[in-house]
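Welcome! Take a moment to look over the sequence and the model, and then let us walk through a few parts together.

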Amino acid sequence: MDAHKVLECLNEALELQHRSIIQLNLAAGSLLGLEVQAVTAELQRFAEAELDDTRRLVEKITALGGDPTPEVAVVSWHADPHEVLDSLIANEDEAIAALHAVIPHSGQEPRSEALEHLMEHLIMRKQNQVDWLRRARREP
C-alpha cells in the first residue's frame, strides 16, 4: 500500500464529503414549494448518510496514521430546485471519482482489501444516491 498516496486521496475525498453534507443540508432546508417537499426529505436522509460516510473516512485516515483535513470543497447554493439537483449531481459525481481514485494506491495486502471494500461501499451508496437525483431531475 502506498500509504502516503492513499492518505492524500482520502483527504481529497474528505473535502468533498464535507461539501456534500453542507450542500445536501442547504438543499433540504431551503427548497420551496409543495412539489419539492418529498425531495427535501430524501435529501435530508442523504445528508445523514454522508455524515456517517465522512466519519468512516476520518477513521480510516487516522488508522493509517494521517490527519483528517478540516478543509471543505467550494460550496454553492441555488434557489432554483433544478439547479440544486444539477449541482448536487455534479458534486457527487466528483466525490465518487475521488473515492475511486484511492483504490489504485491501496496495494495487494489484507489491509488493502479492507480499504478497497470500504471505498466500494461508499461509492455504491453515493452512486445509488446520484441515480435517485438523476431520476428526480428528469422531466416526465
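A good place to start is helix H4, whose buried residues are Ser112, Leu115, Glu116, Leu118, Met119, Leu122, Ile123, Arg125, Lys126, Gln129, Val130 and Leu133. Please keep in mind that this is a predicted model. What covers these buried residues of H4? The cover includes helix H1 (3–30), helix H2 (37–63) and H3. H4 itself has 28 residues. From its first C-alpha to its last, H4 reaches 41 Å, close to the 40 Å expected at 1.5 Å a residue.

Next, on to the spaces in the model. The largest pocket holds about 180 Å³ of space. Its lining is made up of 12 residues, and the closest to the pocket's centre are Val36, Pro81, His82, Leu85 and Ala136. Two elements, H3 and helix H4 (110–137), give two or more residues to this lining. Which of the elements gives the most to it? That is H3, with three residues.

The count of cavities of 30 Å³ or more comes to one. The space in the largest cavity is about 60 Å³. You can find its lining at Gln23, Leu26, Ala27, Ser76, Trp77, His78, Val84, Ser87 and Leu88. Here the elements that give two or more residues are H1 and H3.

The table sets out the pocket and the cavity by volume and by the classes of their lining residues.

| Space | Volume | Lining residues by class |
|---|---|---|
| Largest pocket | about 180 Å³ | seven nonpolar, one polar, four charged |
| Largest cavity | about 60 Å³ | five nonpolar, four polar, no charged |

Let us finish with a single residue. Asparagine 91 is found in helix H3 (residues 81–100). Is Asparagine 91 buried or exposed? Asparagine 91 counts as buried because its relative accessible area is 14%, and buried means under 20%. Leaving aside residues up to four places away in sequence, Asparagine 91 touches Arg19 and Gln23. Gln23 may ring a bell, as Gln23 is also one of the residues that line the largest cavity.

H3 has now come up several times on this short tour: H3 is part of what covers the buried residues of H4, H3 gives three residues to the lining of the largest pocket, and H3 is one of the elements that give two or more residues to the lining of the largest cavity.

Methods
Residues are numbered from 1 along each chain as its sequence is written. This is a predicted model: local features need pLDDT of at least 70, side-chain atom pairs count only at pLDDT 80 or more; totals for chains, interfaces and linings use all residues. Side-chain values use heavy atoms; hydrogens and water are left out. Helices (H or I, at least four residues) and strands (E, at least two) are DSSP runs, numbered from the N terminus. Buried means under 20% relative accessible area, exposed over 50%, partly exposed in between (1.4 Å probe, protein chains only). Contact means heavy atoms within 4.5 Å. On a 1 Å grid over the protein atoms alone, a cavity is a set of points where a 1.4 Å probe fits but cannot get out, and a pocket is an open set with protein on both sides within 12 Å along at least five of seven lines; lining residues have an atom within 4 Å of a point. Grid points are joined across faces, edges and corners, and a volume is the space filled by probe spheres set on the points. Ala, Val, Leu, Ile, Met, Phe, Trp, Tyr, Cys and Pro count as nonpolar, Asp, Glu, Lys and Arg as charged, and the others, Gly among them, as polar. The expected span of a helix is 1.5 Å times one less than its number of residues.
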